[in-house]
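Visitor: I am new to this structure and would like a close look at a single part of it. Please choose one residue and walk me outward from there, step by step.

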Amino acid sequence: MKKTAVMTDTNSGITPKTATEKGIFLLKMPFTVDDAEYTEYVDMPYEEFFKRLDSGASVSTSQPSPAALTDMWDEILREYESLVYIPMSSALSGTCATAKALSAEYDNRVFVADTRRISVTLYSDVFKALRLATDGLSAAEITARLESEADMQSIYVAVNTLEHLKKSGRVTAAGAAVGTLLGIKPVLQIQGGKLDAYKKVRGMQNAVSAMLDGIESDLKTKFIGENIEIRTAYSGDRSAGEAFLNATAERFPEYKIELDAIPISISCHVGAGALGIGISVI
């Protein structure tokens, strides 16, 4: 049997194509549009989701079913001695707690790592886990390593509206208090796993500058001397994402910056036109 498998879900921004190419096991997350349930990458294209959102559709997310998790674990464990499952932050979803409870039935063959991350920083953590597994670390050792370094990351995100985040309760009270009137763009951050207010600025261009300033400040303080990765992300409009990627690359030319689409399961909460950037120790 192979030693250690690495599993995550589509909240990481990892696509099925990348997962297949890199040997990552990927759980596709459910979401709801106008009371009908769909599964990411299965039965609604990315572009169609945003058309429905723009038309005023009601959207939401839910946890994967326990059976969806355990069926996938059972399949993986036919080939591997153990696995590490890396879901989104426990502060943003109950999936992590559910998975940890279910893993207790697997005799130390399933380990659930709560790295307090989502999207671009979760993406980086999954690839860190894959490298550690290739280096021969056990599932228990990988989980301990990821959780010990959980705070070595920052995310900044600019959204056009807080409507969806307030509805789902995934932004703190302070974050929800940031106004969006008169062209004000709320810039949020994730520190410790929960979305909170960072700045409020007028216009998306100023929001971009605020996010890049946040990353620059982090590089000069929290991440001095660390081997880091910076990733950018967008929801809906790829051209806006590419412009943000270019601005980020100009500010930080010493790093290779990548761009991800914010998955539908997160776009249900941040809405269309969101931009995000994350920095992680790798």
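**A loop residue and its surroundings**

Guide: At 37% relative accessibility, Gln-63 counts as partly exposed, because partly exposed covers the range between under 20%, which is buried, and over 50%, which is exposed. Please keep in mind that this is a predicted model. Gln-63 sits in the loop that runs between strand β5 (59-61) and helix α3. If neighbours within four places in sequence are left aside, Gln-63 is in contact with Pro-30, Ser-93, Gly-94, Thr-95 and Thr-98. One of these partners, Gly-94, lies 31 residues away along the chain, and yet the C-alpha atoms of Gln-63 and Gly-94 are separated by 7.0 Å.

From this loop one can move on to the sheet, an open one of four strands in the order β2-β1-β6-β7, with parallel pairing. Strands β2 (25-27) and β7 (110-112) stand at its edges, and since each has a single partner strand, one side of each is left without a neighbour in the sheet. On average, and ignoring direction, neighbouring strands of this sheet are turned by 25° against each other. Strand β6 (residues 80-86) pairs with β7 in the parallel sense over three bridges, and in β7 it is Val-110 that stands opposite Leu-83.

Two helices pack on this sheet. Helix α3 (residues 66-76) touches β1 (2-9), β2, β6 and β7, and its direction makes about 165° with that of β2. Helix α4 (residues 95-103), for its part, touches β6 and β7, and its direction makes about 155° with that of β7.

A further helix, α5 (residues 119-134), can be checked for its length: at 1.5 Å a residue, its 16 residues should span 22 Å, and its end C-alpha atoms are 23 Å apart, which agrees. Of those 16 residues, 14 are buried, so α5 is largely enclosed by the rest of the structure. After α5 comes Gly-136, whose phi is positive, near 100°.

Turning to the interior, the largest nonpolar core has 51 residues, and those with the most contacts inside it are Phe-31, Val-33, Phe-49, Met-211, Ile-215, Ile-230 and Ile-277. Helix α9 (residues 204-220) supplies the largest share of this core, seven residues. Apart from this core lies another, of 20 residues, among them Ile-14, Val-84, Ala-113 and Leu-146.

For a contrast with the loop where we began, consider Leu-275, which is in strand β13 (residues 275-281) and is buried, with a relative accessible area of 5%. Beyond neighbours within four places in sequence, the contacts of Leu-275 include Met-204, Val-208, Met-211 and Phe-244. The C-alpha atoms of Leu-275 and Ala-139, which are 136 residues apart along the chain, are separated by 33 Å.

Stepping back to the whole chain, one finds eleven helices and 13 strands. The radius of gyration is 18 Å, close to the 19 Å that the globule rule gives for 282 residues, so the chain is as compact as a globular protein of that length. Of these 282 residues, 52% count as buried. Among contacts with a separation of 6 or more, 73% are between residues 24 or more positions apart.

Conventions. Residues are numbered from 1 along each chain as its sequence is written. This is a predicted model: local features need pLDDT of at least 70, side-chain atom pairs count only at pLDDT 80 or more; totals for chains, interfaces and linings use all residues. Side-chain values use heavy atoms; hydrogens and water are left out. The expected span of a helix is 1.5 Å times one less than its number of residues. Buried means under 20% relative accessible area, exposed over 50%, partly exposed in between (1.4 Å probe, protein chains only). Two strands pair if DSSP finds at least two bridges between them. Axes are lines fitted to C-alpha atoms, for helices over the stretch in contact, and angles run from 0 to 180 degrees between N-to-C directions. Contact means heavy atoms within 4.5 Å. A nonpolar core is a set of buried Ala, Val, Leu, Ile, Met, Phe, Trp, Tyr and Cys residues joined through side-chain atoms within 4.5 Å. The radius of gyration is taken over C-alpha atoms; the globule rule is 2.2 Å times the number of residues to the power 0.38.
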